[in-house]
Amino acid sequence: MVALVRPPQSTFELACAAQVFGIDRPGFPTRYAFGVCTERPGPVATYAGYDMLVTDGLDALDRADTVVVPGWLPAGEPPSPAVVRALRRAHSRGARVVSICSGAFALAHAGLLDGRRATTHWALAGELAARFPNVRVDPDVLYVDHGDVATSAGAGAGFDLCMHLVRSDQGAGYAAHVARTMVMPPHREGGQLQYSAPPHPAQIDGTLAPLLEWTTGRLGEPVTVEGMAAHAGVSTRTLARRFAEQLGTSPGQWLLAQRIATARDLLESSDLPVDAVARRVGLSSATNLRRRFLNTLGTTPGAYRRAFRAAPGARPSERGGH
């Protein structure tokens with residue numbers, strides 16, 4: 001895992017990747033080796049007013065399983081031909097290439113986003129779309145992951161994308177531990193909105209937290225959106241509005257995401273038959289769970305379980321560490 005930085009570097013975007021992938025956590029196995037490189041090794045200025053000493057050059061990208069571009073500012077300044085060649089070379093040999101926030105501009109200059117859906121900070125989305133018409137820019141989502149290339153929205157969404165990658169690479173249990181050490185949620189769906197309307201006083205009084213806790217404790221039961229609305233004492237329309245305002249998603253999408261996440265955890269950590277896993281998470285049958293897994297993750301429950309059993313620390317789709 002190698003982060004490519006450039007002067008002046010935005011420190012928060014780099015910290016997203018470093019905190020998730022570069023920290024040794026006592027009593028827990030280290031699954032990533034994290035490093036930083038730059039085009040011209042030496043002091044690298046930052047927007048925070050201090051310099052970083054980066055000793056590795058672009059050749060570090062030739063050894064990386066995952067390349068992270070943690071921001072690219074000014075966004076309008078193209079990378080050098082040497083950086084473009086290094087990014088293309090890394091991608092062509094099979095490395096995963098990831099951008100955080102404005103880092104999408106570097107990937108776009110390298111042609112890695114052509115014909116693909118991608119995102120960046122909402123304030124830069126218009127510029128990205130105008131400069132790179134072959135890129136299908138989605139200004140609303142937190143992140144987009146194609147497997148070999150992934151992009152995230154603004155800096156905070158960088159954490160969401162990094163945690164998504166850990167979950168994909170190492171499984172739900174490992175990702176949950178990493179999230180606990182950072183005191184943050186282990187997973188937010190990439191399709192959630194980057195931002196939502198400021199809360200009104202009535203919305204603060206109507207926080208969804210008690211309902212979310214009630215629902216997650218009953219995933220094995222036939223909980224429906226109508227049942228959630230009844231428990232909250234509101235109409236389904238009001239519930240949908242509150243979910244959109246507070247979580248940037250719909251009640252049905254949120255409920256399905258919780259069921260899929262719990263199923264992943266059970267498949268990794270237990271020997272329960274797939275049909276039993278399906279019933280425990282409220283998806284009724286192995287057939288229904290399989291369909292939901294294929295639609296959401298592009299794999300089957302059985303293949304997902306075998307991937308983690310056969311090669312701990314590997315991504316289900318690739319069996320390779322990153």
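This report describes an internal cavity, a helix-helix contact and several backbone features of a predicted model.

**Cavity**

One cavity of 30 Å³ or more is present in the structure. The largest cavity encloses about 60 Å³ of space. Its lining is formed by V20, F21, I23, R25, F28, P29, T30, R31, Y32 and Y174. Sorted by class, seven of the lining residues are nonpolar, one is polar and two are charged.

**Contact between helix 8 and helix 11**

Helix 8 spans residues 209-216 and helix 11 spans residues 251-269; their axes come within 11 Å and cross at roughly 45 degrees. Because of this angle, helix 8 is oblique to helix 11. The crossing of helix 8 with helix 11 is right-handed. Helix 8 contributes L212, T215 and T216 to the contact, while helix 11 contributes W254, L255 and Q258. Three of these contact residues are nonpolar, three are polar and none is charged.

**Backbone features**

Two cis peptide bonds are listed below with their omega angles.

| Peptide bond | Omega | Location of the proline |
|---|---|---|
| P7 to P8, cis | about -10 degrees | P8: loop between strand 1 (2-5) and helix 1 (11-21) |
| L73 to P74, cis | near -5 degrees | P74: loop between strand 5 (66-70) and helix 2 (81-92) |

A further backbone feature concerns C101. Although C101 is not a glycine, this residue has a positive phi of about 55 degrees. C101 is placed in the loop between strand 6 (96-100) and helix 3 (104-109).

Note on methods:
Residues numbered from 1 in each chain as written. Predicted model: local features only at pLDDT ≥ 70, side-chain atom pairs only at ≥ 80, totals over all residues. Heavy atoms only, no water. 1 Å grid on protein atoms, 1.4 Å probe; cavity = no way out; pocket = protein on both sides within 12 Å on 5 of 7 lines; lining within 4 Å. Points joined across faces, edges and corners; volume = space filled by probe spheres on them. Nonpolar A, V, L, I, M, F, W, Y, C, P; charged D, E, K, R; others polar. Axes fitted to C-alpha atoms, helices over the stretch in contact; angles between N-to-C directions. Helix = DSSP H or I, 4+ residues; strand = E, 2+ residues; numbered from the N terminus. Parallel < 35°, antiparallel > 145°, perpendicular 65-115°, else oblique. Left-handed = near helix turned anticlockwise from the far one by under 90°. Contact = heavy atoms within 4.5 Å.
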